[in-house]
Amino acid sequence: QGNIRVFCRVRPLLPEERERQRGLPHLHFPPQDNHSLVLTRPDDSQVGRERRAELRYDFSFDRVFPPAASQQEIFQEIQLLVQSALDGYPVCIFAYGQTGSGKTFTMEGPEPPGPPESRGMIPRAVRHLFLGARDLAGKGWQYHFSASFLEIYNESLRDLLLGKGERGSDLEIRRMGPGSDELHVPNLTWVPVESEEQVLELLLRASSQRSVARTGLNERSSRSHSVFQLRIRGQHAARELHCACEI
């Protein structure tokens, strides 16, 4: 379906927003078309006596998810992309939006404890990868995983997997080598993981160290960018094959 896909997700109204407005009358999701989103607004400008009722803006995406869309529906769209990481293809899933738009909920899910159906893209992807690795073990493949979690806050990098009270080295983004477009962060903590549960524990540790603050839309809003990475190393000894990538 192409190397880059762009999805648009519209989150539901929060309780306090429901008190101020009735639904989302300015957003329209064309029936039988999950690739389009239409925005409308009244036209307050007047030219002589002519006045249009509303302005219309049409947008197209690879997929549009209305407010009622579930976490599972969204993961189904990226599932094959995640699967390709076991074949050695690098994968990046990037969430972009303003404060309070639902990025953290989509990627990580709610703060625990939360119902299984609300799990975010990161825990779902991790579970899918570990299950896939177990299936491929029967075909001679052996996989090793390690994870890191980085925060970018006020133009500085923070290692979110350091232990309590542990002070890490100063971090910076560097190229892998002269002429290379590949980037890495030297001295970043990478933790070997062997199960989905171990990754979830790391996510909890990282979440407790995120830079957060209260906003008008969110009691506990992330005030930074974060990057979770899972490094995958695969080997088929009998066929002398190996693969390596990050997601």
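Contact here means heavy atoms within 4.5 Å. With that in hand, we can walk through this predicted model, starting with one of its helices.

**Helix H2 and what sits on it**

Helix H2 covers residues 71–83. Its buried residues are Gln71, Ile74, Phe75, Ile78 and Val82. What covers them? The cover includes two strands, E1 (7–9) and E5 (63–65), along with two helices, H3 (103–108) and H4 (121–137).

Does the length of H2 come out as expected or not? At 1.5 Å a residue, its 13 residues should span 18 Å, and the end C-alpha atoms are 17 Å apart, so the two figures agree. H2 also has a kink of about 45°, centred on glutamate 77.

Histidine 128 gives a look at H2 from the other side. This residue belongs to helix H4. Not counting residues up to four places away in sequence, histidine 128 touches Phe75, Gln79, Val82 and Gln83. Two of the residues named there, Phe75 and Val82, are also buried residues of H2. Histidine 128 itself counts as buried, because its relative accessibility is 18% and the cut-off for buried is under 20%.

**The loop after H2**

Moving along the chain, there is a loop between H2 and H3, and glutamine 98 lies in it. Glycine 102 lies in that loop too. The UniProt record, an unreviewed entry, lists both under "binding site", together with Gly97, Thr99, Gly100, Ser101, Lys103 and Thr104. Are glutamine 98 and glycine 102 buried or exposed? Glutamine 98 is exposed, with a relative accessible area of 61%. Glycine 102 is partly exposed at 24%.

**Strands and a hairpin**

Now for the strands. Strands of a sheet pair through backbone hydrogen bonds, either parallel or antiparallel. One open sheet in this model has 3 strands in the order E2-E3-E4, and the pairing is antiparallel. Its edge strands are E2 (27–28) and E4 (55–60), each of which pairs on one side only. Strand E3 (residues 36–41) is joined to E4 by 6 bridges. If you want a spot to look at, find threonine 40: its bridge partner in E4 is arginine 56.

Further on, strand E6 (residues 141–153) runs antiparallel to E7, with 4 bridges between them. In this pair, glutamate 151 stands opposite arginine 158 in E7. The hairpin has 2 residues between its strands, and asparagine 154 takes a positive phi near 50° there. Which face of E7 (residues 156–159) is covered? Leu157 and Asp159 make up the covered face, while Ser156 and Arg158 are on the uncovered one. Arginine 158, then, is on the uncovered face and has glutamate 151 across from it.

**Two more positive phi values**

Asparagine 187 has a positive phi of about 70° although it is not a glycine. You will find asparagine 187 in the loop between strand E9 (183–184) and strand E10 (191–193). Asparagine 187 counts as exposed, at 55% relative accessibility.

Glutamate 240 is another case, with a positive phi near 55° in a residue other than glycine. Its place is the loop between strand E13 (225–236) and E14. Glutamate 240 is exposed, with a relative accessible area of 73%.

**Cysteines**

A disulfide is a covalent bond between the sulfur atoms of two cysteines. How many disulfides does a search of the whole structure find? The count is 0. Here is how three of the cysteines sit:

| Cysteine | Relative accessible area | Status |
|---|---|---|
| Cysteine 8 | 15% | buried |
| Cysteine 92 | 63% | exposed |
| Cysteine 245 | 7% | buried |

Cysteine 245 is worth a stop in the viewer. Cysteine 245 is found in strand E14 (residues 241–246). Which residues does it contact, leaving aside neighbours within four places in sequence? They are Ala85, Gly88, Tyr89, Pro90, Leu230, Arg231, Ile232 and Arg233. Arginine 231 is 14 residues away along the chain, yet the C-alpha atoms of cysteine 245 and arginine 231 are separated by 6.1 Å.

Conventions: Residues are numbered from 1 along each chain as its sequence is written. This is a predicted model: local features need pLDDT of at least 70, side-chain atom pairs count only at pLDDT 80 or more; totals for chains, interfaces and linings use all residues. Side-chain values use heavy atoms; hydrogens and water are left out. The expected span of a helix is 1.5 Å times one less than its number of residues. The bend at a residue is the angle between axes fitted to the seven residues ending there and the seven starting there. Buried means under 20% relative accessible area, exposed over 50%, partly exposed in between (1.4 Å probe, protein chains only). Two strands pair if DSSP finds at least two bridges between them. UniProt positions are given in the numbering used here, feature names are shortened, and annotations may be inferred rather than shown by experiment. A disulfide is a pair of cysteine sulfur atoms within 2.5 Å.
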